[in-house]
Amino acid sequence: MALTSILFLGGIAAGGLGSLLGLGGGVFLVPLLVLVMDVPMRVAVGISLTTIIATSSVTTSGSVGRSLINLRLGMLLEVATTVGGLTGGLVAVLISQRRLQQLFGVVAAAGAAIMLSRLGKRNVLLDPAAEPGRLGGRYYEEESRGVVTYQVKRLPLALFVSLAAGSVSSLLGIGGGMLKVPALNAWCGVPLRAAAATSAFMIGVTATVGAVIYYGRGEIVPWMAAAAILGVMVGSRAGFRIGAAASARWLKLLLAIVLVIVSILMFLRAR
C-alpha cells in the first residue's frame with residue numbers, strides 16, 4: 001500500500017508537469033522510480049511510457065477546444081518521431097543502465113539551457129490579420145487577451161529534432177517533449193503553449209510504440225503502472241487548468257528549473 005500510494009502521488013506530480021509543460025511526465029516519474037524506489041532503469045522507462053499515453057489523452061482532449069494543438073504540424077512531425085521511437089526501443093537493450101542515466105542528464109541540461117535563453121522572447125504575432133502560413137496557427141491567449149498568430153520556421157530542423165526525440169522517448173521514457181518543446185519554441189517559431197500542447201498530442205503515439213516493445217520484454221509491472229496512471233489522470237487535468245492562466249515567462253522558468261534538478265539527480269545516480 002505504501003508503494004502504491006507513492007506511485008499514485010508521483011503520478012499526480014508527473015501528470016501535472018506533463019500537461020503543464022508538454023513533457024509527458026516521465027521527466028519526473030523516471031527519477032522517482034529510479035532514485036527513490038530503486039526500480040531498474042528499464043522497468044522505470046516502461047512504466048513511464050504507459051503514463052505518458054494517459055497524459056497525452058487528458059491533455060489533448062482539454063487543449064483541442066482552445067485550438068492550441070497544431071494538428072498539421074503535429075501529424076507531420078509524428079512521422080519522424082515514430083520512426084525514432086521504434087529505433088530507440090530496439091536499441092535500449094544494448095545500452096547499460098549507467099549510460100541511460102547519463103544520457104537522461106545531458107538531455108535535461110540541454111533543454112534547461114535553451115529555455116533560459118528564451119525567457120524574454122516570444123513567438124506570437126499580435127496582429128490577428130497576419131498570415132500563419134501552411135503549418136502555422138492562431139489561438140486565443142488569456143495572457144494577451146486576444147488572438148495570437150505564429151509561423152513555423154526551420155521545418156527540416158523540427159523533423160530532425162522529432163526523430164531524435166522519438167529515440168530519446170523510448171530510451172528514457174520521457175515522452176520526447178524534453179527535446180521537442182524547447183526546440184519548437186526556440187528555433188521553429190512556435191509559442192510555448194502551442195509547442196507544449198502539440199507535443200502532448202504527439203507523445204501519446206510515440207510512447208505507445210515504445211511501450212509495446214517494453215511490454216513484450218516483460219519490463220512493465222502492471223500494478224505499478226496502474227497506480228501511476230491513476231495519479232497521472234488526476235494531475236494532468238490540474239496542470240492543464242494552471243497552464244491556461246500562467247504567463248509564458250513563468251512556464252519557461254518552471255520548465256528550466258525542473259530540467260536542471262532532474263539533470264543533477266540523474267548525474268549523481270550515474271556516478
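1. Let me start with helix α7. Its buried residues (buried meaning under 20% relative accessible area, with a 1.4 Å probe and protein chains only) are G177, M178, K180, V181, P182, A183, L184, N185 and A186. Because nine of the ten residues of α7 (residues 177–186) are buried, this helix is largely enclosed by the rest of the structure. Helices here are DSSP runs of H or I with at least four residues, strands are runs of E with at least two, and both are numbered from the N terminus.

2. A word on the basis of all this. This is a predicted model, in which local features need pLDDT of at least 70 and side-chain atom pairs count only at pLDDT 80 or more, while totals for chains, interfaces and linings use all residues. Residues are numbered from 1 along each chain as its sequence is written, and side-chain values use heavy atoms, leaving out hydrogens and water.

3. Next, the core. The largest nonpolar core (buried Ala, Val, Leu, Ile, Met, Phe, Trp, Tyr and Cys residues joined through side-chain atoms within 4.5 Å) has 63 residues, and L33, M41 and L184 have the most contacts inside it. Helix α8 (residues 192–216) supplies the largest share of this core, nine residues.

4. L33 deserves a look of its own. Leaving aside residues up to four places away in sequence, L33 touches L7, D38, V39, A44, I47 and M224, where contact means heavy atoms within 4.5 Å. Among these partners, L7 is a buried residue of α1.

5. Helix α1 (residues 2–21) passes a simple length check. Its 20 residues should span 28 Å at 1.5 Å a residue, and the end C-alpha atoms are 28 Å apart, which agrees; the expected span is 1.5 Å times one less than the number of residues. The buried residues of α1 include G10, G11, A14 and L17.

6. In helix α4 (residues 71–91) you will find T81. T81 is buried, with a relative accessible area of 0%. A polar atom of its side chain lies 2.9 Å from the backbone oxygen of L77.

7. Helix α6 (residues 155–172) holds L157, which counts as partly exposed (between 20% and 50%) at 29% relative accessibility. L157 and L184 are 27 residues apart in sequence, with their C-alpha atoms 9.2 Å apart in space.

8. Finally, please check R154, in the loop between β2 (146–150) and α6. Its phi is near 50 degrees, a positive value in a residue other than glycine. Most residues other than glycine have a negative phi. R154 is exposed (over 50%), with a relative accessible area of 51%.

Methods:
Polar contact = N/O pair within 3.5 Å; in protein donor to acceptor, adjacent residues only side chain to side chain.
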